[in-house]
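Please open the model in your viewer and keep the selection panel at hand. We will go from stop to stop, picking out a few residues each time.

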Amino acid sequence: MSEQQLTTLGQFIIEKQKDFAFAKGELSRILRDIGIAAKIISREVNKAGLTHILGDYGSVNVQGEDVKKLDIIGNETFIWALEKGGEVCAMASEENDEMIPLKGAYSKSGNYVICIDPLDGSSNIDVNVSIGTIFSVYRRVSPSGSEPTLQDVLQPGNQLVAAGYVVYGSSTMLVYSTGKGVNGFTLDPSIGEFCLSHPNIQTPADGKIYSINEGNAAEFPEGIKNYLAWVKETDKATSRPYSARYIGSMVADFHRNLLKGGVFIYPPTAKAPNGKLRLLFECIPMGFISIQAGGKAHTGQMSVLDVMPEQLHQRVPIVMGSANMVDNVLKFLQNK
Ligand code: FDP
C-alpha cells in the first residue's frame, strides 16, 4: 500500500467520531491514549529479552535495579496514559485486586471507566510467544466529579461503549469496536503508527478450528467431551476432523479464529467450576468483538454480554467465535 493510501488509527478515530451524534471527542481521546499505551508496551515486549524485564517481579538485576515484569509495566503504562488524558475516572485491572481511582488533574471529572488486562497470556512472555492486551470502555454510572464507585466498573457487556485488544505477535495489531463493526490496525514500526489493515472484519460463520486446553478433558462437562469426540470424526460434509489449535494465549487464539473461523472454548472444570477466564477483563471485551464481527459469545447459560458482574475478578465459562460453531457447541452442552 502506498503511503498516500494509508489511514492511521488517529485519522480513523477522528473520521469515525462523526458517526456519533453529540460526540465531544472524549472517546476518541481515550482510544488515542490506548493506542499510545499499546505502542509503548509493544516496544517493551519486542526488546524484553534484551533489557532484563522477563521473569518474576520482585527480583533485582545486576545493576541493583528492580526487575519489572512485563505485566506490571503494561499496567503502569495504561495508568500513566489514561491519567494524562483526563477522560477516565477509574480503571479496573486484572493486575489489581481493587478498582484504581485515577489521580490525574482532571480524572475525577472523567465520564468513562476502563477495564483492562494489560498482558494476557503472561505464561507465554518468557518464551517469545504471542501475548496481548485487552481493554473495555464504559460510561461511569456515578455522577461526574464524584469519587468513582465499584458500580462504575461492574457493568454488563451490553453497556459497553468500546472494546478491543492488541496482539503482540509477528507484528503488533490493534483491533477494536465502538459497536459499529470491527476494525484492525497493524503497527508500522517505520513510522510508529497503527495503520488500518483489516477494515470491517467479519468472522466466518463456520470454521474448522477448535481451541481448547484438551489436557483438562477428563474434567470437562459431558457435552464438551462429546463435542471433542465429534470434532475428531471423519465427515467430508462437515469438513471433519477439525484442526486443534491452542496457543494458550487467549488473545492470539481468538485473533486467529476471528480471521480464519473457529471456536474458542474455556469450559468449567472440576477444579475451576466457573472456568478460568475473567468476565470483566477477558470474556466481555472479546465476546463483544466476536459479536460485532458477526460471531457469538456464550457462557453456556446466556450471551456473555448479558451477565451482570458481581465481582471484579469473577470468572465465567466461555464459548466464542464463529456463529454456527458456537451454536453447535451449545447444542452438545444442552444434550450432554
Ligand atoms: P495466562 O494464564 O498465561 O495469562 O487467562 C489467561 C490465560 O493465559 C489465557 O490467555 C489463556 O487462554 C489461558 O489463560 C490459558 O489457560 P490454560 O493454561 O489453563 O489453558
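## A tour in five selections

Begin with Pro241, which sits in the loop between helix 5 and strand 10. Bear in mind as you look around that this is a predicted model. Add the preceding residue to the selection and show the backbone: the peptide bond from Arg240 to Pro241 is cis, with omega near 5°. That is worth a second look, as most peptide bonds are trans.

**Stop one: Arg240**

Keep Arg240 selected; its place, too, is in the loop between helix 5 and strand 10 (243-244). Is Arg240 buried or exposed? Arg240 has a relative accessible area of 10%, and since under 20% counts as buried, it is buried. Now show what surrounds the side chain. Leaving aside residues up to four places away in sequence, Arg240 touches Trp230, Val231, Glu233, Thr234 and Asp235. Try a distance label between the C-alpha atoms of Arg240 and Trp230: they are 8.4 Å apart in space and 10 residues apart in sequence.

**Stop two: helix 5**

Trp230 and Val231 lead us on to helix 5, so select residues 222-231. Which residues of helix 5 are buried? They are Gly223, Ile224, Tyr227, Leu228, Trp230 and Val231. Turn the view to look down the axis: these residues cover an arc of only 160° around it, which puts them on the same side of helix 5. The spacing fits a general rule: an α-helix has 3.6 residues a turn, so residues three or four places apart point the same way. To see what covers the buried residues of helix 5, add strand 9 (209-211), strand 11 (263-266) and helix 8 (323-335), which are among the covering elements.

**Stop three: helix 1 against helix 2**

Next, select residues 9-17 for helix 1 and residues 26-46 for helix 2. Their axes come within 10 Å and cross at roughly 165°. Helix 1 and helix 2 are therefore roughly antiparallel to each other, and their crossing is right-handed. For the contact itself, show side chains for Leu9, Ile13 and Gln17 in helix 1, which meet Ser28, Leu31, Arg32 and Gly35 in helix 2. Coloured by class, the residues of this contact divide into 3 nonpolar, 3 polar and 1 charged.

**Stop four: helix 2 against helix 3**

Keep helix 2 and add helix 3, residues 70-85. Here the axes are 9 Å apart and the packing angle is about 155°. Helix 2 and helix 3 are therefore roughly antiparallel to each other, and helix 2 passes helix 3 in a right-handed crossing. From helix 2, the contact is made by Asp33, Ile34, Ile36, Ala37, Ile40, Ile41, Glu44 and Val45. Helix 3 brings Leu70, Ile73, Gly74, Thr77, Phe78, Trp80, Ala81, Leu82 and Gly85 to it. Class colouring gives 12 nonpolar, 3 polar and 2 charged residues for this contact.

**Stop five: two asparagines**

Finish with backbone torsions. Most residues other than glycine have a negative phi, so what is phi of Asn128? Its phi is positive, near 60°. You will find Asn128 in the loop between strand 3 (112-120) and strand 4 (131-139), and Asn128 is exposed, with a relative accessible area of 76%.

Then select Asn200, in the loop between strand 8 (193-198) and strand 9. Phi of Asn200 is also positive, near 45°. Asn200 is partly exposed, with a relative accessible area of 49%.

Conventions. Residues are numbered from 1 along each chain as its sequence is written. This is a predicted model: local features need pLDDT of at least 70, side-chain atom pairs count only at pLDDT 80 or more; totals for chains, interfaces and linings use all residues. Side-chain values use heavy atoms; hydrogens and water are left out. Buried means under 20% relative accessible area, exposed over 50%, partly exposed in between (1.4 Å probe, protein chains only). Helices (H or I, at least four residues) and strands (E, at least two) are DSSP runs, numbered from the N terminus. The arc is that of the directions from the helix axis to the C-beta atoms. Contact means heavy atoms within 4.5 Å. Axes are lines fitted to C-alpha atoms, for helices over the stretch in contact, and angles run from 0 to 180 degrees between N-to-C directions. Angles under 35 degrees count as roughly parallel, over 145 as roughly antiparallel, 65 to 115 as roughly perpendicular and the rest as oblique. A crossing is left-handed if the near helix is turned anticlockwise from the far one by less than a right angle, and right-handed if clockwise. Ala, Val, Leu, Ile, Met, Phe, Trp, Tyr, Cys and Pro count as nonpolar, Asp, Glu, Lys and Arg as charged, and the others, Gly among them, as polar.
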